[in-house]
Amino acid sequence: MGTILTVDHLDKAFGKKQVLHGVDFFVEEGRVVALVGPNGAGKSTIMKAVLGLIPVNGGGIDIKGQPVSITSHQALRNVGALIEYPGIYPFLTGRQQLKLFANKHGREQNVKTIITAMGMGKYIDRPAKTYSLGMKQKLGIAQALVNDPKLVILDEPMNGLDPQAVKDLRDLIRNLAARGTSFLISSHILSELEKLADDVLILNHGHIIKHSTMAALEQQGGVGYRIEVANIDQAKGALAVANQPYSVVQNAIMLTDAKEGELNHALYALVNAGVAIIAIEQQAHDLEGAFLDMVHEDGEA
Ligand SMILES: Nc1ncnc2c1ncn2[C@@H]1O[C@H](COP(=O)(O)OP(=O)(O)OP(=O)(O)O)[C@@H](O)[C@H]1O
């Protein structure tokens, strides 16, 4: 699989404020790439630049060998996007709007397919002014997908969606990616993208501070364990003697980011001290923690 999007040393300033500093990354075909970062990190600015919506001060954007800029939009024919708020015409129905966005070729079928895939059949023939926030968001995503683009750029697509809609959207994106569609998806909530993304770009203060696969980031997040004990004070004493770092939540010992052998070491110390162990649970990988550590180390308090 080749590269569909290359962002090369992108610089952007708004007035005197430098917002992007030499941003470099690429998106490969069929990959779902998460663009993650705190509020104001520059996620939307990158997306607007990739879509040729704002001028940049340096660097370049290339989609499948063609440059994109504020004056050069040819490469965007195969790109679908939802940036910030979906553009909705209140007096048109959802279906009428999708038809407006859909290319002439295969219009009827593409519109029907996306309505079914997004589960919008019940309300698609009502005027959009009667839609809830989540319905409008889904319509915006459907507009981005209706022409079966090769690259899809979605800024905070899960905003306003209920848990079922979030799951449906994830399934749809994974299916499209399996057929070769590439996605660049922003969020400041890493856990939201955990089940969805193949690759992660972490942006802080306009710098890419990490470009990694989701799998590698999960490893970095480390594994945690929760050890429930009968007597928490006795357990704390035993772990202190064994020099084992831990934290306490109610009547349980927590080992966060546990290195190999650490669980054994802690259990050995507890059993040796006669502490009754009631339960041991493995905690999910602490991705959010890994993300916050990286941003914090980079200088975001
Ligand atoms: N049109 C503009 N004029 C001036 N400053 C701007 C403009 N657009 C964005 N900025 C500034 O650029 C920085 C990056 O904004 P951007 O919207 O790209 O961040 P973000 O990572 O998408 O944030 P969020 O998670 O809050 O959506 C912020 O400091 C913001 O105030």
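Let me begin with the term I will lean on throughout: a residue counts as buried if 20 or more other C-beta atoms lie within 10 Å of its own. Please also keep in mind that what we have on the screen is a predicted model.

With that cut-off in hand, consider helix α1, residues 43-50, where six of the eight residues are buried, so the helix is largely enclosed by the rest of the structure. The residues in question are Lys-43, Thr-45, Ile-46, Met-47, Ala-49 and Val-50. Just after α1 comes Gly-52, whose phi is positive, at about 65°.

What does α1 lie across? The helix lies across β3 (32-36), β7 (151-155), β8 (182-187) and β9, and it runs at about 145° to β7. On the same topic of helices and the sheet, α4, residues 133-145, packs on the sheet and touches β6 and β7, with its direction making about 165° with that of β6.

Now to the sheet itself, which is open and has six strands in the order β6-β7-β8-β3-β9-β10, with mixed pairing. Its edge strands, each pairing on one side only, are β6 (79-82) and β10 (207-213). From one strand to the next, the twist averages 15°.

Let me walk through some of the pairings, starting from the β6 edge. β6 and β7 run parallel and are joined by four bridges, and within that pairing Val-79 has Leu-151 in β7 as its bridge partner. β7 and β8 also run parallel, here with five bridges, and Leu-154 finds its bridge partner in Ile-185 of β8. At the other edge, β9, residues 199-204, pairs with β10 in the antiparallel sense over six bridges, and Asn-204 stands opposite His-207 in β10.

Which way do the side chains point, and how covered are they? In a regular strand the side chains alternate between the two faces of the sheet. In β6, Val-79 and Ala-81 point one way while Gly-80 and Leu-82 point the other way, and all of them are buried. Strand β7 is mostly covered, with five of its five residues buried; Leu-151, Ile-153 and Asp-155 lie on one side, Val-152 and Leu-154 on the other, and both faces are covered.

I would like to turn next to a pair of helices. Two packed helices are described by the angle between their axes and the distance between the axes. For α8, residues 232-241, and α9, residues 262-272, the angle is about 120° and the axes are 9 Å apart. Why are these two helices called oblique to each other? Angles of 65 to 115 degrees count as roughly perpendicular and those over 145 as roughly antiparallel, with the rest, once the roughly parallel ones under 35 are set aside, being oblique; α8 and α9 are therefore oblique to each other. Their crossing is right-handed. On the α8 side the contact involves Ala-235, Ala-238, Leu-239 and Val-241, which meet Ala-266, Ala-269 and Leu-270 in α9. Sorted by class, that contact has seven nonpolar residues, no polar ones and no charged ones.

Finally, the protein chain as a whole. How many helices and strands are there in the protein chain? There are 10 helices and 14 strands. Of its 301 residues, 35% count as buried, and its C-alpha atoms fill a box of roughly 75 × 45 × 35 Å along the principal axes. Among contacts in the chain with a separation of 6 or more, 71% are between residues 24 or more positions apart.

Definitions and conventions: Residues are numbered from 1 along each chain as its sequence is written. This is a predicted model: local features need pLDDT of at least 70, side-chain atom pairs count only at pLDDT 80 or more; totals for chains, interfaces and linings use all residues. A residue is buried if 20 or more other C-beta atoms lie within 10 Å of its own, exposed if 12 or fewer, and partly exposed in between; C-beta atoms are placed from the backbone. Two strands pair if DSSP finds at least two bridges between them. Axes are lines fitted to C-alpha atoms, for helices over the stretch in contact, and angles run from 0 to 180 degrees between N-to-C directions. Two residues are in contact if their C-beta atoms, placed from the backbone, lie within 7 Å. A crossing is left-handed if the near helix is turned anticlockwise from the far one by less than a right angle, and right-handed if clockwise. Ala, Val, Leu, Ile, Met, Phe, Trp, Tyr, Cys and Pro count as nonpolar, Asp, Glu, Lys and Arg as charged, and the others, Gly among them, as polar.
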